[in-house]
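Here are some short exercises to work through with the model open beside you. Try each task before reading its solution.

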Amino acid sequence: MITKHDFKDGDVVLVHNYFELVKTVPLYLSTQGFTRCYYHHCGMYKSGYIYESVEGGVKKTHSIEEYLKGVGGHREIAICRFPEVILEEIEANVGLPYNYVATLFFQPIYQVTDKYIGDKQPEKLNCSQYDAKCLGRKDYGTYDPQDLWREACVNNYVIKESAPKRREYINNN
């Protein structure tokens with residue numbers, strides 16, 4: 001069980017949302033389908049809140065208590081603790097618009113061709129670009145949730161998962 005005490009400032013929160021919001025299903029399906037990754041969304045934790053790039057851009061969206069109420073009900077999460085997070089970036093990017101073009105066009109092409117044709121340092125940010133920027137990645141525009149998940153696994157940055165067996169089952173079927 002994940003509690004608010006499991007989080008530290010700068011933690012990456014990888015998310016698998018159950019498709020309760022009809023208008024966001026195309027974003028989740030395209031990300032999950034092209035990356036073949038259980039986690040199709042991500043955010044950052046800081047000072048008791050989740051920051052994420054969602055419809056409308058980068059926002060401080062939920063208190064951690066409120067966010068955790070949805071775990072197991074309409075979302076599953078993994079907490080990843082990368083050592084090189086730039087804490088100031090978490091709040092500095094609030095207000096930037098969402099990068100729909102990268103999510104629906106550039107990143108799927110990148111997954112298929114291994115060539116990123118979009119801006120590697122965009123001014124608009126989707127969720128993984130936002131997290132990668134907060135982690136200080138030079139070409140943060142090329143990141144998707146699978147990249148963050150893979151890096152977290154390889155480097156043992158995954159602190160806790162709410163449903164590891166479900167993730168394994170979905171990834172294997």
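## Exercises on fold and core

The protein has seven helices and six strands, assigned as DSSP runs (helices: H or I, at least four residues; strands: E, at least two) and numbered from the N terminus. This is a predicted model, where local features need pLDDT of at least 70, side-chain atom pairs count only at pLDDT 80 or more, and totals for chains, interfaces and linings use all residues. Residues are numbered from 1 along each chain as its sequence is written, and side-chain values use heavy atoms, leaving out hydrogens and water.

**Exercise 1.** Write down the order of helices and strands along the sequence.

*Solution.* Reading along the sequence, you should get β-α-β-β-β-α-β-α-α-α-α-β-α.

**Exercise 2.** Find the largest nonpolar core and the elements that build it.

*Solution.* Start with the term: a nonpolar core is a set of buried Ala, Val, Leu, Ile, Met, Phe, Trp, Tyr and Cys residues joined through side-chain atoms within 4.5 Å. Buried means under 20% relative accessible area (1.4 Å probe, protein chains only). Next, the largest core holds 25 residues, and Val12, Leu14, Tyr39, Phe82 and Tyr130 have the most contacts inside it. Two or more residues each come from β1 (12–17), β2 (41–46), β5 (75–80), α5 (127–134) and α6 (145–154). Finally, α5 gives the largest share, four residues.

**Exercise 3.** Which residues does Leu14 touch, leaving aside those up to four places away in sequence?

*Solution.* Using contact as heavy atoms within 4.5 Å, list Tyr39, His41, Cys42, Glu76, Ile77, Ala78, Cys80, Pro145, Leu148 and Trp149. Then look at Ile77 again: a second, separate core of eleven residues includes Ile77, along with Val13, Tyr45 and Tyr67.

Key: Buried < 20%, exposed > 50% of the residue type's maximum accessible area, 1.4 Å probe, protein only.
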